[in-house]
Amino acid sequence: MADRRDAGQIPRSRTFHPAAAQFRANSSWSVLASRIPARSVAIINQSNSPEIARKTTLLVTFSNLPAPEDASKIKIIHSLSSGLDHLLSHPIVKETSIPLTSSSGIHGPPIAEWTIMNWLVASRRFVYTHENQQKHNWAKNIDFMNTVHDQVGRKVGILGYGSIGRQIGRVASALGMQVHAYTASPRPTPSSKKDNGYIVPGTGDRDGTIPVSWHHGTDKASIHEFLSLGLDHLVIALPLTPQTTRMLGTEEFEILSRGVSAERPRPYLTNISRGKVLDQDALIEALKGGVLGGAALDVADPEPLPENSPLWEAPNVQISPHVSSAGREYIPRSLDIMRENVGRLERGEELLNGFKRGKGY
């Protein structure tokens, strides 16, 4: 069948990239077949030949992209990642207008669970009780009462109130917490507060009604004002852009800490964004100096985090190797976005999770 790209139609044949063994191993090939009608599709997970790209009309990838000259038939590129910062310097992004979509929206449930889990591990002293279990030690003492707390009434500030931030806000609100949202641009009206991206059914905050307050800005003064709200938790859920790189450092951590009264625990920082959003050395010093009460980090700078990094030994830090979004639901949900966008593309409609060239996300 001829390629009718200008007409918005996508050829109905199926081409799968034979090198993507990892996907065959977890049955994602059958998932793809059940979610996307027969098309010329390539899932690229390793270095691929130009011949594959030249036959492809739908491209699914984490990070590997073909050269622009090999992409003449590609109608859409779908990333299995939520953030696209790792692709932005590629020629196919900079030199072509091929639509690029992300998997933003699928990560909310697992990352929210990871976030709350880490809060509770810290506030309920799970490591202490688990270690005593391993020792067969029924260590119940009166001091324990004064060293744990619940989350009711605690304030959580979410830097980046997108799909992930909204699900964290939803679960935090269910725990009795106050949610404060921060976005780059103002959201003054009910319609501007809505989430128009992909949402896992039964999750998130589609209408933006959970936060008790909304804040915005890209300048330091606006961010400092937000950090001064008296937040018990700060969640970093921002995309990595030139504007957000090293956004948080020594000054910001001190402002965050000063906003909380002396009788309350020091603020707890959670980063599920990118390691480069904050100054990692400043974070280590803030943890050592008691400016921050603890941190849950699913990202680092660099990744993998070197064995000799002082971050491993920083007090009250919990580190995981960028796995907070992991789960068997990941690939099926991502391909649901692709399936939806195949129809939208043919109907000439705006794509779900479409990348806006120039904005960086």
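**Strand β6 and its sheet**

Student: In this predicted model, what makes β6 largely enclosed by the rest of the structure?

Tutor: Five of the six residues of β6 are buried, and therefore the strand counts as largely enclosed by the rest of the structure. The term buried applies to a residue under 20% relative accessible area.

Student: Why are β5 and β6 called paired strands?

Tutor: A pair requires at least two bridges. Strand β5 (residues 155-159) and strand β6 (residues 178-183) are joined by five bridges, in the parallel sense, so the criterion is met. In one of these pairings, Val156 has Val179 of β6 as its bridge partner.

Student: How do you know that β6 also pairs with β7?

Tutor: Four bridges join β6 to β7, and the two strands run parallel; because at least two are needed, this too is a pair. Ala181 stands opposite Trp214 in β7.

Student: Why is β7 called an edge strand?

Tutor: The open sheet has seven strands in the order β7-β6-β5-β8-β9-β10-β11, with parallel pairing. Strand β7 (213-216) pairs on one side only, as does the other edge strand, β11 (317-319). From one strand to the next, the twist averages 15°.

Student: What makes the β-α-β unit of β5, helix α8 and β6 right-handed?

Tutor: With the strands pointing away from the viewer, a path that runs clockwise from the first strand over the helix to the second is right-handed. The unit formed by β5, helix α8 (residues 163-174) and β6 has that handedness.

Student: Which strands does helix α5 lie across?

Tutor: Helix α5 (residues 108-123) lies across β5, β8 (233-236), β9 (268-271), β10 (294-297) and β11, and runs at about 150° to β9.

Definitions and conventions: Residues numbered from 1 in each chain as written. Predicted model: local features only at pLDDT ≥ 70, side-chain atom pairs only at ≥ 80, totals over all residues. Heavy atoms only, no water. Axes fitted to C-alpha atoms, helices over the stretch in contact; angles between N-to-C directions. Contact = heavy atoms within 4.5 Å. Buried < 20%, exposed > 50% of the residue type's maximum accessible area, 1.4 Å probe, protein only.
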